2 protein chains.
Amino acid sequence: MSEVPEVAEVPVPPWRTSPRSRSPRKPTLTQEAIVTAALEIIDAEGMDALSMRRVAQRFDTGAASLYAYVANKEELVELVVDRVNGEVRIPLADPDRWREQLREAMFAIRDVYAAHRDLGRALIGAVPIGPNSLDSSERLLAILRAGGLSPKVSAFAADLLSMYTVMSGLEMGGQNTMHGATDEERGAYYTALHDYFASLPAARFPTLTSLGDALTSGDGDERFAFGIDVLLLGMIAYTDRES
Amino acid sequence: MSEVPEVAEVPVPPWRTSPRSRSPRKPTLTQEAIVTAALEIIDAEGMDALSMRRVAQRFDTGAASLYAYVANKEELVELVVDRVNGEVRIPLADPDRWREQLREAMFAIRDVYAAHRDLGRALIGAVPIGPNSLDSSERLLAILRAGGLSPKVSAFAADLLSMYTVMSGLEMGGQNTMHGATDEERGAYYTALHDYFASLPAARFPTLTSLGDALTSGDGDERFAFGIDVLLLGMIAYTDRES
DNA sequence: TTTAGCTACGAACACTGTTCGCGTCAAGTA
DNA sequence: TACTTGACGCGAACAGTGTTCGTAGCTAAA
């Protein structure tokens with residue numbers, strides 16, 4: 001690991017004001033290492049915990065040191081997003097299996113974002129243009145085109161699909177971060193929410209109360225699968241109607 | 001407006017250390033007034049400009065004064081969201097016109113959020129439970145039920161629809177706020193984005209480059225109408241398949 | 001008249017992203 | 001070998017954030 005030549009170490013003279021030990025354990029400051037550290041913080045504590053000082057702390061230095069490798073926090077987050085998009089595995093388009101492939105792709109994206117807490121928040125109003133993000137877009141669009149969708153419909157649908165997918169992943173992963181820090185707090189929030197809906201006056205909210213448990217039923221997978229089905233069926237019906 | 005009894009005013013003795021003139025022009029501090037002020041700031045400069053100090057400034061006071069009427073910033077934003085949800089006009093369900101009504105409802109929601117910059121960001125991981133928000137949910141669900149959708153499908157679909165709608169509104173309204181402060185900066189961003197996609201190597205990104213202008217084509221309304229069509233057709237196909 | 005309680009709010013705390021300018025160190029040049 | 005140059009590192013500072021605390025002032029009840 002160490003790039004310092006291995007020499008027999010000499011004790012640092014105690015009268016040296018700053019030993020500046022340049023310990024080989026301390027990871028060298030690079031953009032890659034900074035992105036890794038940032039992602040680790042997000043995975044451990046969520047987006048709100050990410051700060052330049054926190055990242056710098058991992059390298060035993062101050063926040064100012066990071067700005068030599070990263071223009072600002074926004075760029076750092078963009079780099080993290082692209083790193084994570086590199087984890088997404090989308091299959092190469094096969095016209096005979098495009099429906100299954102689309103499902104696979106959407107689950108792949110969702111799972112990756114669900115695994116990184118509320119990182120999905122970072123791509124709310126953003127267009128990811130990193131290399132890994134572009135690779136994913138390319139493959140997703142290829143699957144849609146393989147399914148016989150027109151260029152315009154493919155482009156529109158890709159937007160719609162990735163928006164829904166990322167939001168679903170964010171909803172899953174964000175549950176570990178939002179609405180309280182501990183599991184207990186979060187459980188209390190959700191039961192309180194459930195009780196609140198149950199306590200609504202039926203006279204003013206007839207539909208809402210008649211639905212009852214249907215509103216909160218279904219886990220993340222079931223709801224996500226529903227969304228995929230609706231979108232897929234919708235896209236197919238739309239293209240059928242178009243021609 | 002003033003709740004102080006109307007008495008003939010006496011000049012304030014100049015030896016009073018603090019005249020504390022209690023000018024009637026200065027709006028009285030109430031929760032409603034605070035929410036209004038917060039919304040005005042969001043409308044004028046976006047969510048990032050909203051801070052407790054900025055709100056307090058409008059009442060010629062410090063941020064600490066607000067905490068008597070609002071628990072914290074999170075609650076203030078929730079109140080703003082519910083205020084804005086009160087602007088949404090969703091028609092009462094009519095089984096014969098449910099498709100048109102659903103379109104109307106979705107456009108109503110989107111338009112309202114498009115009119116309030118990036119306020120939509122506030123309901124990313126949140127479940128709006130204010131009275132106005134509940135009224136909107138009630139009416140939206142009633143339309144879906146009137147369309148013959150099952151309770152579970154209605155509940156799932158309502159989630160899916162409102163998510164898509166709010167995000168679309170956010171995309172429209174957020175364009176006035178994100179990617180630069182001035183129109184010029186934002187225009188530069190979008191042309192740079194367009195040029196970047198045009199400059200991608202066709203060997204690595206065959207689909208992406210072959211789509212060309214289709215990726216960036218269509219204004220907000222066209223893309224939103226596409227999404228509505230896909231979702232509507234999908235929901236209908238899903239229910240048909242179910243039975 | 002005194003007390004109690006409520007509203008208001010300046011000051012402070014612990015943070016944030018970012019910039020400035022100084023120090024240190026390694027490589028290149030004379 | 002001595003000197004210079006330039007890149008990197010980073011402490012300190014700036015202007016901002018949400019929130020809490022203690023205290024002042026005023027009003028209404030005792």
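**Helix packing, chain pairing and DNA contacts**

Author: In this predicted model, Ile34(A), Val35(A), Ala38(A), Leu39(A) and Ile42(A) of helix α1(A) are in contact with Leu76(A), Leu79(A), Val80(A) and Arg83(A) of α3(A).

Reader: What classes of residue make up the contact of α1(A) with α3(A)?

Author: Eight nonpolar residues and one charged residue form the contact, with no polar ones.

Reader: At what angle do those two helices pack?

Author: Helix α1 (residues 31-45) and helix α3 (residues 73-85) of chain A pack at about 80°, and their axes are 9 Å apart. Angles from 65 to 115 degrees count as roughly perpendicular, so α1(A) is roughly perpendicular to α3(A).

Reader: Turning to the two protein chains, what rotation superposes chain B on chain A?

Author: A rotation of 180° does, with a shift of 0.0 Å along its axis and an RMSD of 0.0 Å. The two copies are therefore related as by a two-fold rotation axis.

Reader: Which residue of chain B comes closest to the rotation axis?

Author: That is Gly234(B), whose C-alpha lies at 1.7 Å from the axis.

Reader: And how many residues of each chain are in contact?

Author: There are 44 residues of chain B in contact with 44 residues of chain A. On the side of chain B that touches chain A, at least two residues each come from α5 (131-146), α6 (151-174), α7 (183-198), α8 (206-211) and α9 (220-242) of chain B. By class, this side has 28 nonpolar, nine polar and seven charged residues.

Reader: Why can one say that the copies meet through the same surface?

Author: Because 100% of the interface residues of chain B are also interface residues in chain A.

Reader: Now the DNA. Which residues are closest to strand D?

Author: Thr61(A), Gly62(A), Ala64(A), Ser51(B) and Asn72(B) are the closest of the 17 residues that surround DNA strand D. Two elements give two or more residues to this surface, α2 (52-57) and α3 (73-85) of chain B. Of these, α2(B) gives the most, with three residues.

Reader: And which residues come nearest to DNA strand C?

Author: Around DNA strand C there are 17 residues, and Ser51(A), Asn72(A), Thr61(B), Gly62(B) and Ala64(B) come nearest. Here α2 (52-57) and α3 of chain A are the elements that give two or more residues, and α2(A) gives the most, with three.

Reader: What is the make-up of the surface near DNA strand C, by class?

Author: The surface near DNA strand C has seven nonpolar, five polar and five charged residues. For DNA strand D, the surface has seven nonpolar, five polar and five charged residues.

Conventions:
Residues numbered from 1 in each chain as written. Chains lettered and ligands numbered in written order. Predicted model: local features only at pLDDT ≥ 70, side-chain atom pairs only at ≥ 80, totals over all residues. Near = placed C-beta within 6 Å. Helix = DSSP H or I, 4+ residues; strand = E, 2+ residues; numbered from the N terminus. Nonpolar A, V, L, I, M, F, W, Y, C, P; charged D, E, K, R; others polar. Least-squares fit on C-alpha atoms with pLDDT ≥ 70 in both. Contact = placed C-beta atoms within 7 Å. Axes fitted to C-alpha atoms, helices over the stretch in contact; angles between N-to-C directions. Parallel < 35°, antiparallel > 145°, perpendicular 65-115°, else oblique.
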